[in-house]
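Trainee: I am new to this structure. Please take me through one part of it closely, and then through what surrounds that part.

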Amino acid sequence: CLSDWSSDVCSSDLITQAPDAITWFAPPSPVTYGVPPITLSASSSAGLGVNFSVLSGPAMVSGNTLTITGAGTVVVAANQPGNADYSAGAQVTATIVVNKATPTLTWPTPAPITYGTALSAAQLDATSGSVAGTFAYSPTFGAVLGAGTQGLSVTFTPTDSVDYNNQTATANLTVNQATAGVNVSCSPNPI
């Protein structure tokens, strides 16, 4: 306190907030679309809570759980707003590359057919699980293949080409020889 003859004047001590810093435990990158939710982790040097947010990209955050919603690049931020004793920590970001997923095609080995049987959904029956899209087979529906082991192929094109890659698969089909039919006729008839 400063004192003069008429009154005492005291100046209050100036106390500033202590600095705070965020330490980010970077999430994995790259990941593939369809990855389970990612747990985000960061700490502040002051021991205060850290908040997470998505700055850009196909993802959403709830608490410290990041859910990827598509392929692309996701930028996530960690923030600590400070309190009466500590200043806000400088924002820290992390970038996560999310690659397209590749659908899993299932194509059971087709049952053998006999020469002369046209290809149908019984042989051309690949599936892509829950991923919607179109199948292009070679040879195509209705083709009649020669006897022997014949190779079949399919290309799957997903409807959602932003998040999924095209996929191909092959299968072998056994085409058995047909039994030749014999017709007997006599001429002249009757004999």
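Mentor: Start with the aromatic rings. This is a predicted model, and a search of the whole structure finds 6 aromatic pairs. One of them joins tyrosine 33 and tyrosine 164. Their ring centres are 5.5 Å apart. The planes meet at 80 degrees, and the pair is edge-to-face. Look at where the two residues sit. Tyrosine 33 is in the loop between E4 and strand E5 (38–39). Tyrosine 164 is in the loop between strand E14 (148–158) and strand E15 (167–176). They are 131 residues apart, so the pair links distant parts of the chain. Is tyrosine 33 buried, exposed or partly exposed? Its relative accessible area is 21%, just past the 20% limit under which a residue counts as buried. Tyrosine 33 is therefore partly exposed.

Another pair has a flatter arrangement of planes, at 20 degrees. It consists of phenylalanine 135 and tyrosine 137, with ring centres 6.2 Å apart. Planes under 30 degrees apart count as stacked, so this pair is stacked. The two partners fall into separate accessibility classes. Phenylalanine 135 is partly exposed, at 29% relative accessibility. Tyrosine 137 is buried, at 10%. Both belong to one aromatic cluster, which also holds Trp107, Phe141 and Phe156.

Now return to the loop between E14 and E15. Aspartate 163 is found there. It is buried, yet it has no salt bridge. How far away is the nearest side chain of opposite charge? That side chain belongs to lysine 100, and it is 8.1 Å away. A salt bridge needs the charged atoms within 4 Å. Aspartate 163 does have a polar atom close to a backbone: a side-chain polar atom lies 2.7 Å from the backbone nitrogen of alanine 71. Leaving out residues up to four places away in sequence, aspartate 163 touches Tyr33, Gly70, Ala71, Lys100 and Ala101. Tyr33 is the tyrosine from the edge-to-face pair.

Next, the strands on either side of the tyrosine 33 loop. Take E4 before the others. It belongs to an open sheet of 4 strands, in the order E4-E11-E10-E7, with mixed pairing. Which strands form the edges? They are E4 (31–32) and E7 (51–56), and each pairs on one side only. E4 runs parallel to strand E11 (residues 89–99), and 2 bridges join them. Threonine 32 has asparagine 99 as its bridge partner in E11.

E5 belongs to an open sheet of 3 strands. The order is E5-E9-E8, and the pairing is antiparallel. E5 and strand E8 (59–62) stand at the edges. Each has a single partner strand, so one side of each is left without a neighbour in the sheet. E8 and E9 run antiparallel, joined by 4 bridges. Alanine 59 stands opposite isoleucine 68 in E9.

Finish with threonine 65, which lies in strand E9 (residues 65–68). It counts as partly exposed, at 30% relative accessibility. Setting aside neighbours within four places in sequence, threonine 65 is in contact with Pro37, Ile38 and Met60. Serine 53 is 12 residues from threonine 65 along the chain, and their C-alpha atoms are separated by 10.0 Å.

Key: Residues are numbered from 1 along each chain as its sequence is written. This is a predicted model: local features need pLDDT of at least 70, side-chain atom pairs count only at pLDDT 80 or more; totals for chains, interfaces and linings use all residues. Side-chain values use heavy atoms; hydrogens and water are left out. Buried means under 20% relative accessible area, exposed over 50%, partly exposed in between (1.4 Å probe, protein chains only). Contact means heavy atoms within 4.5 Å. Two strands pair if DSSP finds at least two bridges between them. Rings of Phe, Tyr and Trp (its six-membered ring) pair if their centres lie within 6.5 Å; planes under 30 degrees apart count as stacked, over 60 as edge-to-face and the rest as tilted. Lys and Arg count as positive and Asp and Glu as negative; His and the chain ends are not counted. A polar contact is a pair of N or O atoms within 3.5 Å; within protein, one must be able to donate a hydrogen and the other to accept it, and residues adjacent in sequence count only if both atoms are side-chain atoms.
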